[in-house]
Amino acid sequence: MTLLLRLLPKNLKAKLFFSHFLVALFGTLTLLVGLSFLTPYLFGRLVEDVPGLGRSLTAEEVRASVSSAFERALLLSLLVAGVGGMLAATGVSLFVSGRITRPVLHMLAATRRISSGRYSERVPVQEPDELGALSESFNVMATSLEGVERRRRELMMDVSHELRTPLTTLEGYIEGLLDGVVTPSRDTWTLLHGEAERMRRLVDDLQQLSRAEAGSLSLNSGAVSPSEILRCTTERCWPRFAEKGVALEWEETGGLPDVMADGDRVVQVLTNLLNNALRYTPPGGRVVLQGRPQGEQVLFTVTDTGEGIAGEHLPHVFERFYRVEKSRSREGGGSGVGLSIARALVEAMGGRIWAESEGPGKGSTFAFTLPVAVSSTVGASSR
């Protein structure tokens, strides 16, 4: 019977039709077989029991006796064969319906487990029919839900990591104001207000960070000046570098055209890269922030004289929570999502980001490109 089911066309409609056909067929065959064997046997026994059959009877009496015996034999045969046919049809129906409903029962049980938070649950794909396709779709949905749950948990860590940068800047300037190291001025208050505003935006926008890979992250893109971005980032990060004793330099090669990007997001990317460089550069080291034109793009680089990265780790440094053993331990600071956030933002703005290093102890360079704004390209060609 299993072989017959496998020979069916691979669609649910054919299987449902064939299941009803099998039930009717087995019931009918059981009935016919029962009648073919039981009726002659019972008829013979009943004829032998007819009273007076051994003496001389008229033809009408013989006909009546035989007819009565045949009717009783047929009735008993139909009764016994009917019961047998019903049992056979029930058995076949249970077997066939079990084969058809098993995937549905698997999905029902898996749905209950997923609703309780077990997002790793999957169902087996048993048949290449509509139910098999439904099982595959169910597994895809479960995988998607598992990814959403994973990104939700990662988002909580992203928020704590990203809020640390503006909070540190605010804390540093406020302490400087309290100690009299920083002179209160309009520029200082403007900077503090900007950091508070950046913090608010981080809280709002990091909630959408999980959609960055899908290209649905909202960006306030426009033509922005790379020189202004480099200057602003250097000013914001300089106090932390000075505190650790690491030199922070800003270099600009050639006239930089405007880039099409979200200025605040570019500052966020450069800040993440600078924080990463500061974390792994010892006191007395040097970090250089540079921008230079590169065809229809502007290349931004952050080069440090820190610990460096082994070649086998370079392709993975932008993965979430990736840590290079020992040299990139959690104890060194950071939650492990800053570089992955930088990659998501750069790619969302139409750029590309990568890391380079000659090996451990030889420093590293993090670079990314952003497209030149169309207005800058047109202006340059007209000049």
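These are my notebook entries on the strands, helices and confidence of one predicted model.

**Entry 1: confidence**

I started with pLDDT, since this is a predicted model. The chain averages 77, and 72% of the residues score at least 70. Which elements sit at the two ends of the scale? Helix α1 (residues 2-6) has the lowest mean pLDDT among the elements, at 52, and strand β7 (residues 364-371) has the highest, at 96.

Then I looked up two weak stretches. Residues 326-335 stay under 50, yet the model gives them 24 contacts beyond four places in sequence. Residues 378-383 are also below 50, and that stretch has zero contacts beyond near neighbours in sequence. Note to self: where pLDDT is low, the predicted coordinates should not be read in detail.

**Entry 2: the sheet**

I traced the strand order next. I get an open sheet of five strands, β2-β4-β5-β7-β6, with mixed pairing. Why do β2 and β6 each have a side without a neighbour? Both stand at the edges with a single partner strand, so one side of each is left free of a neighbour in the sheet. On average, neighbouring strands are turned by 15° against each other, ignoring direction.

Going through the pairs, I began with β2 (residues 247-252) and β4 (residues 286-294), which run parallel and are joined by six bridges. To keep the register straight I marked one pair here: Glu249 has Val288 in β4 as its bridge partner.

β4 and β5 (residues 297-304) are antiparallel, with eight bridges between them. My register mark for this pair is Gln290, whose bridge partner in β5 is Thr301. I also checked the turn of this hairpin: two residues lie between the strands, and Gly295 takes a positive phi near 65°.

On to β5 and β7, which pair in the antiparallel sense over eight bridges. Here Phe300 stands opposite Phe368 in β7.

**Entry 3: helices on the sheet**

Which strands does helix α6 touch? I find α6 (residues 226-244) packed on the sheet against β2, β4 and β5, with its direction at about 175° to that of β2. Helix α8 lies across β6 and β7 and runs at about 140° to β6.

**Entry 4: α6 against α7**

I then compared helix directions. The axes of α6 and α7 come within 10 Å and cross at roughly 25°. An angle under 35 degrees counts as roughly parallel, and therefore α6 and α7 are roughly parallel to each other. I noted the crossing as right-handed.

The α6 side of the contact is Ile229, Leu230, Thr233, Arg236, Cys237, Arg240, Phe241 and Lys244. From α7 I listed Gly263, Val266, Val267, Leu270, Thr271, Leu274, Asn275, Leu278 and Arg279. How do the residues of this contact split by class? I have nine nonpolar, four polar and four charged.

**Entry 5: α7 against α8**

Last, I looked at the other partner helix I had marked for α7 (residues 263-279), namely α8 (residues 338-348). Their axes are 9 Å apart, and the packing angle is about 150°. Over 145 counts as roughly antiparallel, so that is how α7 and α8 lie to each other. α7 passes α8 in a left-handed crossing.

For this contact I wrote down Arg265, Gln268, Val269, Asn272, Leu273 and Asn276 from α7. They meet Gly338, Leu339, Ile341, Ala342, Leu345 and Val346 in α8. By class, the contact has seven nonpolar residues, four polar and one charged.

Methods: Residues numbered from 1 in each chain as written. Predicted model: local features only at pLDDT ≥ 70, side-chain atom pairs only at ≥ 80, totals over all residues. Heavy atoms only, no water. Axes fitted to C-alpha atoms, helices over the stretch in contact; angles between N-to-C directions. Helix = DSSP H or I, 4+ residues; strand = E, 2+ residues; numbered from the N terminus. Parallel < 35°, antiparallel > 145°, perpendicular 65-115°, else oblique. Left-handed = near helix turned anticlockwise from the far one by under 90°. Contact = heavy atoms within 4.5 Å. Nonpolar A, V, L, I, M, F, W, Y, C, P; charged D, E, K, R; others polar. pLDDT = per-residue confidence, 0-100. Pairing = 2+ DSSP bridges.
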